[in-house]
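Me: I am new to this structure and would like to learn how to read it. Could we go through it one feature at a time?

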Amino acid sequence: MTLNAKRVAGRPVGTLFDLGSSIRPRNDKRPGARMATFLRGKRLFSLRRTSAAAMQSYCCSSRTSGKQRVNGVDLYYERNGAGEHAVLLLPGALGSTKTDFQPQLKALNADLFTVVGWDPRGYGQSRPPHRDFPLDFFERDARDAVDLMRTLGFVKFSLLGWSDGGITALIAAARKPEFINKLVVWGANAFVSPRDLDIYNAVRDVSKWSARMRAPMEAVYGARLFAQTWEAWMDGIAQFVHRPQGSICIDLLPQIRCPTLIIHGEQDPMVPSCHPHFLHKHIAGSRLHLMPEGKHNLHLRFPEEFNRVVEDFLGAEVKEH
């Protein structure tokens with residue numbers, strides 16, 4: 001495939017590259033947003049006239065959580081919104097709905113999307129089992145993710161995957177294309193190089209992390225289990241460097257046929273820029289959106305911009321219908 005990317009003008013913060021097309025930006029003053037807000041307000045007023053507390057209760061009533069038995073494991077999930085377009089959020093290494101996706105669960109348009117966050121097996125509240133990292137752990141997570149959404153009753157859905165969750169999403173989109181609507185990944189890579197391994201090894205010892213960086217994970221796992229699980233993840237990801245080309249899923253990228261958006265923070269210390277460009281080159285028709293100030297956790301650091309870009313991409317199909 002010949003890479004024929006072009007820079008789209010008029011992006012004051014993020015920059016979009018694509019193969020012959022662009023995503024039109026929008027801001028919070030767009031007519032659709034005003035109408036959606038008005039309709040939500042009108043519905044709340046007509047159904048909950050009595051008090052602000054009652055209106056707040058109605059507004060929050062669509063958010064639910066629970067556990068679902070999938071492939072022999074009880075997987076924890078949270079669900080928000082009532083839109084026709086279902087979206088699954090896939091967290092990063094050791095990540096969970098609690099640590100990785102609160103700005104998306106809370107703020108993605110609940111009228112257009114039904115957003116589901118999940119904790120992969122062995123992570124967060126999907127314990128037991130104890131998390132392990134065999135060579136196929138990304139493939140296993142991909143099966144669990146798709147089967148969870150199917151078990152919850154979704155016929156077709158989009159995937160939003162961050163870091164390890166982005167790798168899982170790439171595999172799921174390639175393996176189960178009949179179920180995947182659209183795909184958004186960031187902080188993801190299809191291979192592990194010796195340079196990547198050096199980056200990972202530099203953060204192997206969590207005792208050298210700042211207290212602020214450790215706190216979310218220690219709140220979920222406790223300090224000792226967090227350190228042990230992170231060490232196990234380090235060993236698990238290092239396995240891939242010994243495979244041809246360090247491949248995690250290189251061979252699967254040409255099989256991804258759904259509309260795909262790759263987002264990259266240009267200040268990401270964990271994922272060199274070669275990775276998003278590699279994905280962009282090898283996923284047909286994919287689009288690459290660059291956030292100049294974004295780091296690895298760009299969706300948490302810049303949630304409004306991130307959510308807007310994602311809604312523009314996912315919402316295009318919603319509008320067509």
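Reply: Start with one rung of a sheet: L89 has G117 in β6 as its bridge partner. Strands such as β6 are DSSP runs (E, at least two residues), and helices are runs of H or I with at least four residues, numbered from the N terminus. This is a predicted model, in which local features need pLDDT of at least 70 and side-chain atom pairs count only at pLDDT 80 or more, while totals for chains, interfaces and linings use all residues. Residues are numbered from 1 along each chain as its sequence is written, and side-chain values use heavy atoms, with hydrogens and water left out.

Me: How many bridges join β5 to strand β6, and how do the two run?

Reply: Two strands pair if DSSP finds at least two bridges between them. Here β5 and β6 (residues 113–118) run parallel and are joined by five bridges. β5 also pairs with strand β7 (residues 157–162), again in the parallel sense, over four bridges. In that pairing L90 is matched with G161 of β7.

Me: Is strand β5 enclosed or open?

Reply: Buried means under 20% relative accessible area, exposed over 50%, and partly exposed in between (1.4 Å probe, protein chains only). Six of the six residues of β5 (residues 85–90) are buried, so the strand is largely enclosed by the rest of the structure. Both faces are covered, with H85, V87 and L89 on one side and A86, L88 and L90 on the other.

Me: How is a pair of aromatic rings described?

Reply: By the distance of the centres and the angle of the planes. Rings of Phe, Tyr and Trp (its six-membered ring) pair if their centres lie within 6.5 Å; planes under 30 degrees apart count as stacked, over 60 as edge-to-face and the rest as tilted. The whole structure holds 11 aromatic pairs. In one of them, F191 and F278 have ring centres 5.2 Å apart and planes at 75 degrees, so the pair is edge-to-face. F191 is in the loop between β8 (180–186) and α7 (194–201), and F278 is in helix α10 (residues 274–282), 87 residues apart. F191 has 13% relative accessibility and counts as buried.

Me: Which residues are linked into a cluster by ring pairs?

Reply: Y200, W209, F226, W230 and W233. Within this cluster, W209 and F226 are both buried.

Me: Which residue lies over the face of Y123?

Reply: A charge sits over a ring if NZ of Lys or CZ of Arg is within 6 Å of the ring centre and within 35 degrees of the ring normal. R131 lies over Y123, at 4.2 Å from the ring centre. K182 lies over the face of F313, at 5.0 Å from the ring centre.
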